[in-house]
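Subject: Structure handover and notes

Hello,

Here is the structure you asked about, with my notes on it below. Please read the notes with the structure open.

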Amino acid sequence: MLNLRIVALSIALLVGGCSDPSLHPHADGDAERGRALLDQYGCSGCHRIPGVRAATGIIGPSLDRLGRRVYIAGVAVNSPEELARWIRDPQAVKPGTAMPNAHVSEQDAHDIVAYLYALR
Amino acid sequence: MRVLIGVVAVGIVVAAGAAAFVYSGVYDIAATDQHTAPLFWLLKTTMRRAIEHHAREVHVPPLANPAVIAKGRTLFVAHCSRCHGAPGVAPEAFALGLRPTPANLANTGIEWQPSELYWAIKHGMKLTGMPAWEFRLADDDVWAIVAYIQRMPYESPREFRERLAASASRAAPAQPSSIAVDHSASHVATASGGNARQGRHLLLQYGCDVCHEIPGVVGASMPVGPPLDHMGLHSFIGGVLPNTRDNMVRWIRTPQTFVPGGAMPDLGVPDRDALDIAAYLESLR
């Protein structure tokens, strides 16, 4: 899935010249592990997430192209730090949000961010 | 020779057809109607490539200076936000009627190079409503605005307000949308009714396409906020309201009531229009 995206992106770059926008920086962290964790923490129950087979949830928004999103939850900027903060403690970022605290560890959030940032 | 005559004949027919099309006046230039997808692509690609081409020799000065960014933020509110809006601040009503709808620049700040932003601000863009600022702003001021636009996607709406207030010792901060929010005429929307087809049309009239990816709305592919595909299936609106028709109408009318300080501004959508928009969003499954 990811490989397909990379191939598609390469083709797009070739066809479209060097016009690919300078996006948010890629986050470090283990994206492959992050992908597995998205399932382990139940993210897939509420969100559609490309590349995560079980992630067909429709409770919350699709996470497709999250790496390009400008704002998270409509209140925070989409930086790796803010996204990790949102994943670890959504109620602190947006009180009253339907997104629960899933007790994601710092390292796990780091890896999840790496995966989500690869979705462009 | 025969081939040449054929080519000339085809050329004449095509030119005559084009002339007939232009002079007949049938082409619909109404700003209320969306472009067809191929025409939108043509216009947008032409614009993007032209900016890239013309900006290639622009020399970019250092832009990371916080004082320059602060100056740019103030200038942005003074000169740009009436059309483009600002984080959590709606454009003014007239700007929502422009076609193309002025872009949300938080996304542009990510996707465009500083040289391209500078060129577009300085020279403006024909047929878009974007004015040229070359003879209206000093060069340093244009660069300050570029510096701020580059910074914009990395500031939350709350940080935007706080920093603007901090640097505005004399200038008044941005008024959150002076548009005529029609509170007097508001009545409680009923759970039924609403014309989905009209709703799709209205999404463009209120500039929803500037921030959201919306199936069925040409050009609505912006990743500023979440995509609205499958919206009819989602359980929540804005992460805080159960997804009912009534709640969607309330959310569309006054999102700031439910997420104070959020990026989605109150856009002055009347009840009737919000109901139609809600009906369309509900149909996205």
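**Chain A: layout and confidence**

Read from one end of the sequence to the other, chain A runs α-α-β-β-α-α-α. That makes five helices and two strands. Please keep in mind that this is a predicted model. Chain A has a mean pLDDT of 82, and 78% of its residues reach 70 or more. The weak part is residues 9-22 of chain A, where the pLDDT is below 50. Beyond near neighbours in sequence, that stretch has five contacts in the model. Where pLDDT is low, predicted coordinates should not be read in detail.

Of the 120 residues in chain A, 42% count as buried. Taking contacts within chain A between residues at least 6 apart in sequence, 51% join residues at least 24 apart.

**Two helices of chain A**

Helix α2 of chain A covers residues 31-40, and its buried residues include A:Ala31, A:Gly34, A:Arg35, A:Leu37 and A:Leu38. These five span an arc of only 165 degrees around the axis, which places them on the same side of α2(A). Part of the cover over the buried residues of α2(A) comes from α5 (106-117) of chain A. After α2(A) comes A:Gly42, with a positive phi near 80 degrees.

Helix α3 of chain A, residues 80-88, buries A:Leu83, A:Ala84, A:Trp86 and A:Ile87. Down the axis of α3(A) these buried residues lie within an arc of 160 degrees, so they line one face of the helix. The spacing follows a general rule: an α-helix has 3.6 residues a turn, so residues three or four places apart point the same way. The buried residues of α3(A) pack against β1 (71-72), β2 (76-77), α4 (90-93) and α5 of chain A. Helix α5 of chain A therefore appears in both accounts, as part of what covers α2(A) and as one of the elements packed against α3(A).

**Where chain A meets chain B**

The contact between the chains takes 26 residues from chain A and 30 residues from chain B. On the chain B side, the elements that give two or more residues are α2 (37-54) and α6. The largest share of that side comes from α6(B), with four residues. Sorted by class, the side of chain B that touches chain A has 15 nonpolar, 10 polar and five charged residues.

**The two domains of chain B**

The domain assignment splits chain B into domain 1 (56-167) and domain 2 (196-283). Over C-alpha atoms, the centres of these two domains are separated by 25 Å. Their contact takes 15 residues from domain 1 of chain B and 16 residues from domain 2 of chain B. On the domain 1 side, α5 (93-96), α6 (105-111) and α9 (157-167) of chain B each give two or more residues. That side has nine nonpolar, five polar and one charged residues. Helix α6 of chain B thus turns up on the side facing domain 2 and also on the side facing chain A.

Which residues of α9(B) are buried? They are B:Pro157, B:Phe160 and B:Leu164. Seen down the axis of α9(B), they fall within an arc of 55 degrees, so they line one face of the helix. The face turned away from that buried side carries the exposed residues B:Ala165 and B:Ala166. Helix α3 (66-79) of chain B is among the elements that cover the buried residues of α9(B).

**The largest nonpolar core**

This core has 93 residues, and those with the most contacts inside it are A:Val113, B:Ile145, B:Val146 and B:Ala278. Helix α8 of chain B, residues 139-151, gives the most to the core, with eight residues. Both domain 1 (56-167) and domain 2 (196-283) of chain B give residues to the core, so it lies between them. Leaving aside neighbours within four places in sequence, B:Ala278 is in contact with B:Gly194, B:Gly199, B:Arg245, B:Met248, B:Val249 and B:Ile252.

**One loop residue**

B:Thr244 sits in the loop between β2 (241-242) and α11 (245-253) of chain B. Is B:Thr244 buried or partly exposed? It has 13 C-beta neighbours inside 10 Å and therefore counts as partly exposed. B:Ser221 is 23 residues from B:Thr244 along the chain, and their C-alpha atoms are separated by 25 Å.

Regards

Note on methods: Residues numbered from 1 in each chain as written. Chains lettered and ligands numbered in written order. Predicted model: local features only at pLDDT ≥ 70, side-chain atom pairs only at ≥ 80, totals over all residues. pLDDT = per-residue confidence, 0-100. Contact = placed C-beta atoms within 7 Å. Domains from an automatic or database assignment. Nonpolar A, V, L, I, M, F, W, Y, C, P; charged D, E, K, R; others polar. Buried ≥ 20, exposed ≤ 12 C-beta atoms within 10 Å, placed from the backbone. Core = buried A, V, L, I, M, F, W, Y, C linked by C-beta atoms within 7 Å. Arc of directions from axis to C-beta.
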